[in-house]
Amino acid sequence: MQRWGWILTASLLLPLGAAAQQAADSAQAAAAQTPPPAVVQPVSATPGLAIVKPVARTPVSVDQVVDQIIEREHALITFLKNRTPLVETYLQNMTPDSKLGASPKEDHYFLGRLDMGDIVDRRDYLAKQMSFQQSLMGGVTKLFRIQYQPMGFSWMVFADRQSFDRSHYDFRYVHREFLGEVKCLVFEVTPKKGAGTGLFEGQIWVEDQDYNIVRLNGTYVPRPKNAFYFHMDSWRLNLVPGYWIPSYIYSEEGDFSYGSKDKAAFKAQSRIWGYDVMKSSRDDELTDLKVEEVKDESPVSQDLSPLEAQRQWQQQAEDNVVERLQKSGLLAPPGDVDKILQTVINNIQITNNIDLPRPVRARVMVTYPLETFSVGNTIVISRGLIDTLPDEASLAAILSHELAHIVLGHNLGSKFAFNDRMLFSDESTYQNFGFRHNPEEETAADAKAIELLKNSPYAQKLGSGGLYLKQLAARAPTLSALLTSHLGNSLTDSKGQVTRLSALMTSAPALDDAKLDQIAALPLGGRIKLDPWGDHVEMVKAAPVAITSIRDKMPFEVTPFFPRLARLGIAATDTTTAENSAAKESSTTTTK
Ligand SMILES: [Zn+2]
């Protein structure tokens with residue numbers, strides 16, 4: 001049974017056809033010549049999975065191109081069918097606002113695993129009279145629940161996972177267009193008359209070498225009575241040779257124009273990642289097992305004092321937790337963003353003469369909800385929080401609270417030094433881990449944090465942190481899902497009152513929406529870029545865009561995706577200068 005993983009992955013190559021078979025022999029030689037990708041590591045981490053780049057035929061007619069598009073889409077469905085990536089949807093219900101155009105009224109958050117092998121029967125969704133949000137969540141109404149279930153928007157990952165073919169659809173070539181660096185052919189796709197219900201209608205962009213779909217934009221038709229299909233803009237990234245992997249989906253509904261009957265409105269971002277985290281099997285673990293020679297590098301062999309033993313124990317717990325969170329796909333592997341965070345932490349430590357027995361580390365949790373926590377000497381901060389912080393000083397303020405916990409010895413989680421406590425399913429991570437401090441420790445950490453900040457290089461810039469919290473306070477009542485922490489303490493209480501570092505708010509300038517140069521908090525998605533295949537994070541290097549109206553501010557809001565598409569490997573070749581690479585990364589995954 002345990003060999004199944006291997007056999008299945010090997011058989012993935014078969015649907016690629018004869019061309020791929022012939023290419024298999026020369027694949028290794030070709031791979032040697034291919035320049036390594038800059039950012040994204042391809043599937044090498046997955047044992048037993050060798051990817052053969054499909055050899056493109058050169059279609060001569062539009063008909064042949066369409067044939068190839070259909071073939072490639074089916075190949076993608078097959079390629080991904082053993083994968084169970086994480087999928088996260090953050091949805092904001094919008095309400096008209098005379099000043100802001102529209103502003104969030106309430107929000108919903110969903111985190112789950114997408115079983116790409118499951119066939120979603122779209123009729124199941126039609127049968128139920130659901131609101132479009134419920135159907136967006138695939139009928140999963142219990143928020144914050146993690147489970148293996150096909151979800152409504154797993155449709156949106158593919159144009160049509162069951163019947164994407166010529167008997168159900170008409171394809172009409174529209175024009176050529178660049179998406180980022182990739183030259184694309186654009187096709188209009190419409191269901192044939194009587195082909196069925198819930199079929200894709202819209203545009204697809206296919207790259208001009210192998211004719212893989214790289215973007216889908218449209219909806220599903222015909223619209224059933226008492227049910228909704230939402231519009232979606234679905235993007236794929238070339239993360240694996242020959243395949244474009246579904247990564248981002250933006251959905252939006254609603255019309256606030258005068259006289260519109262469309263009363264409900266929302267905007268939602270979905271992100272898919274963790275593709276390379278395979279369903280773990282013992283077989284995989286054995287093939288990964290390498291026993292390396294470990295040297296004892298302590299200067300003199302001696303026994304541990306009770307205090308040293310205590311610290312060693314805490315470190316063991318810390319290492320266990322960090323490793324487990326990374327394995328479940330919630331924590332990004334160590335990377336450059338951590339170094340930036342550590343630099344800020346260092347700045348506070350040095351100016352406060354803090355000398356800890358072990359260095360403080362920082363890691364990024366890749367999810368939306370705004371939260372921080374610390375375990376041992378590791379500070380964890382969420383992507384959503386980093387995204388929305390306006391500057392380094394406000395980041396320092398947020399990090400100082402966790403640093404204060406560490407300095408004060410508020411260590412949590414030593415029970416996780418017992419390895420049996422790491423044995424739970426990925427989906428129950430939130431049920432098994434928790435690093436919340438009691439109110440007394442929270443108050444003490446806030447007081448200590450303010451003291452640390454006042455001695456730090458950020459002492460003169462604390463207004464931005466206070467202003468951020470004021471903006472958070474203003475939006476908190478409508479953003480309860482974003483503000484519900486899952487592992488650490490929340491920044492606000494259940495009534496939406498800011499509890500974290502509230503002293504900073506008193507000395508901060510007044511929040512003024514009308515002041516265009518006052519940026520209290522940023523939209524989501526503007527800072528951290530996540531690689532959906534390997535879960536690595538890096539900073540977005542977008543050039544600042546001038547705000548021209550109050551409606552441009554969009555604090556804590558979701559926006560459409562516009563990733564700068566590039567072919568795998570090609571991005572690596574011309575990042576020779578820092579300037580060049582900055583320009584290249586400037587709009588990847590950024591939202592505007
Ligand atoms: Zn705390």
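Which residue is the bridge partner of L86 in β2? The partner is R113. This pair belongs to a predicted model. The briefing covers an open sheet of 9 strands, a helix that packs on that sheet, a second helix with its buried residues, and the confidence of the prediction.

**Sheet**

- The strand order is β2-β1-β9-β8-β7-β6-β5-β4-β3, and the pairing is antiparallel.
- Strands β2 (101-113) and β3 (169-179) stand at the edges. Each has a single partner strand, so one side of each lacks a neighbour in the sheet.
- Neighbouring strands are turned against each other by 20 degrees on average, direction ignored.
- Strands of a sheet pair through backbone hydrogen bonds, in parallel or antiparallel fashion.
- Strand β1 (residues 86-97) runs antiparallel to β2, and 12 bridges join the two. The bridge between L86 and R113 links residues of this pair.

**Helix α3 on the sheet**

- Helix α3 (residues 62-80) packs on the sheet.
- The strands touched by α3 are β3, β4 (182-191), β5 (199-207), β6 (213-221), β7 (231-240) and β8 (243-253).
- The direction of α3 makes about 95 degrees with that of β8.
- V65 lies in helix α3. Its relative accessible area is 7%, under the 20% cut-off, so V65 counts as buried.
- V65 and L185 are 120 residues apart along the chain, yet 9.6 Å separates their C-alpha atoms.

**Helix α12**

- Helix α12 (residues 439-454) has 16 residues.
- From first C-alpha to last, α12 reaches 23 Å, close to the 22 Å expected at 1.5 Å a residue.
- The buried residues of α12 are E442, A445, D446, K448, A449, I450, L452 and L453.
- These buried residues pack against four helices: α8 (336-351), α10 (392-407), α13 (462-475) and α14 (503-506).

**Confidence**

- The protein chain has an average pLDDT of 78, and 73% of the residues score at least 70.
- Among the elements of the chain, strand β12 (residues 378-382) has the highest mean pLDDT, 97. Helix α1 (residues 4-11) has the lowest, 25.
- Residues 278-289 have pLDDT below 50. Beyond near neighbours in sequence, this stretch has 18 contacts in the model.
- Residues 572-592 also have pLDDT below 50. Here the model shows 48 contacts beyond near neighbours in sequence.

Terms used:
Residues numbered from 1 in each chain as written. Predicted model: local features only at pLDDT ≥ 70, side-chain atom pairs only at ≥ 80, totals over all residues. Heavy atoms only, no water. Pairing = 2+ DSSP bridges. Axes fitted to C-alpha atoms, helices over the stretch in contact; angles between N-to-C directions. Contact = heavy atoms within 4.5 Å. Buried < 20%, exposed > 50% of the residue type's maximum accessible area, 1.4 Å probe, protein only. pLDDT = per-residue confidence, 0-100. Expected span 1.5 Å × (residues − 1).
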